[in-house]
Amino acid sequence: MRLKDKVAIVTGGSSGIGRATALLFSSEGAQVMVADINEELGRETVQLIKENGGDAVFQRVDVSSPEQVQAVVKATIENFGKLNIMVNNAGISHGEKKIEDVPIEDWDKVVDVSMKSVFLGMKYAIPEMLEHGGSIINTASVAGIKGQKLLAGYTAAKSGVIAITKSTALEYGKHNIRINAIAPGVIETPITDEWKKTPKWPILSTANALRRIGQPEEVANAMLFLASDESSFVTGTTLVVDGGTLLGK
Ligand SMILES: NC(=O)c1ccc[n+]([C@@H]2O[C@H](COP(=O)([O-])OP(=O)(O)OC[C@H]3O[C@@H](n4cnc5c(N)ncnc54)[C@H](O)[C@@H]3O)[C@@H](O)[C@H]2O)c1
């Protein structure tokens, strides 16, 4: 049990990487707050956790809303008495578009949900960790490292997540709050369902050294490492989980 007696919030916990992370954290002993805008699937995640003998609560949240993110942290303390791990994982992309065609509101939404959310998650979680320390994990993307054409807004947001991670790691190390990011490559989740319909999918899904798409559980394993004491000397880093995508061909 690598997260025994720990309490974790997982945003985006209703689906994909977030759900796999919530399930794994619970199986390693953590009590989990599943926080997501999708209530139906979020309650399903909680149900799955309970069926496995774990302890979890769902709270609906729009991660771009300061009031709602603050309320999730408050509800976590009320339910479980403390907060040790914050996974700022919820994120969205805009459809592939040249920058001149990206609607202003799409840009704002992607940046708010994928990057401002990370600021908000840390703003409200960190005060609960100052006394006893903690681990914060922010989901970035390989797109935020290498850039990706036609996805400027998403790429900017994910680069921003990596930058926020480094700055705050420097600020809070003295409080034993470790802050890291994870940069997944192409992972099979509902986010990739749209990509599957495009002709480039067979290439996209195998464009890495391992020649296959990743699974949410493989990202969750990296989340577990960063959440647990096994990574006690790791902070400010971005752990790439991409099957070798960044190596190129
Ligand atoms: N799947 C990939 O290939 C891939 C690659 C790199 C990075 N990522 C990142 O991984 C993270 C998880 O994505 P996923 O692939 O598991 O996709 P997903 O669609 O399965 O999960 C995203 C979750 O975020 C939730 N969400 C969306 N907007 C929200 C909001 N405003 N407030 C609260 N919750 C909201 C959704 O309801 C969903 O449950 C995202 O940040 C994504 O950008 C995914």
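**Close-up views of a predicted model**

**View 1. The outer side of helix H3.** Let's start where H3 is open: on the side away from its buried residues, Pro66, Glu67 and Glu78 are exposed. As this is a predicted model, please read every view here as a prediction. The helix covers residues 66–80, 15 in number, and its first and last C-alpha atoms lie 21 Å apart, close to the 21 Å expected at 1.5 Å a residue. Just after H3 comes Gly81, with a positive phi near 85 degrees.

**View 2. The buried face of helix H3.** Turning to the other residues of interest, Val69, Val72, Val73, Thr76 and Phe80 are buried. Looking down the axis of H3, these buried residues fall within an arc of 95 degrees, so they line one face of the helix. Their cover includes strands S1 (7–11), S2 (31–36) and S3 (56–60), together with helix H4.

**View 3. Ile9 and the largest nonpolar core.** This core has 66 residues, and those touching the most other members are Ala8, Ile9, Phe25, Val32, Ala125 and Met223. Leaving aside residues up to four places away in sequence, Ile9 touches Val72 and Thr76, as well as Met33, Ala35, Leu83, Met86, Val87 and Ala125. Val72 and Thr76 will be familiar as buried residues of H3.

**View 4. The shell around the ligand.** Here 29 residues surround the ligand, with Gly12, Ser15, Gly16, Gly91 and Thr189 the closest. Helices H1 (16–27), H4 (104–125) and H7 (190–196) each contribute at least two residues to this shell. Sorted by class, the shell holds 15 polar, 12 nonpolar and two charged residues.

How values were computed
Residues numbered from 1 in each chain as written. Predicted model: local features only at pLDDT ≥ 70, side-chain atom pairs only at ≥ 80, totals over all residues. Near = placed C-beta within 6 Å. Helix = DSSP H or I, 4+ residues; strand = E, 2+ residues; numbered from the N terminus. Nonpolar A, V, L, I, M, F, W, Y, C, P; charged D, E, K, R; others polar. Expected span 1.5 Å × (residues − 1). Buried ≥ 20, exposed ≤ 12 C-beta atoms within 10 Å, placed from the backbone. Arc of directions from axis to C-beta. Contact = placed C-beta atoms within 7 Å. Core = buried A, V, L, I, M, F, W, Y, C linked by C-beta atoms within 7 Å.
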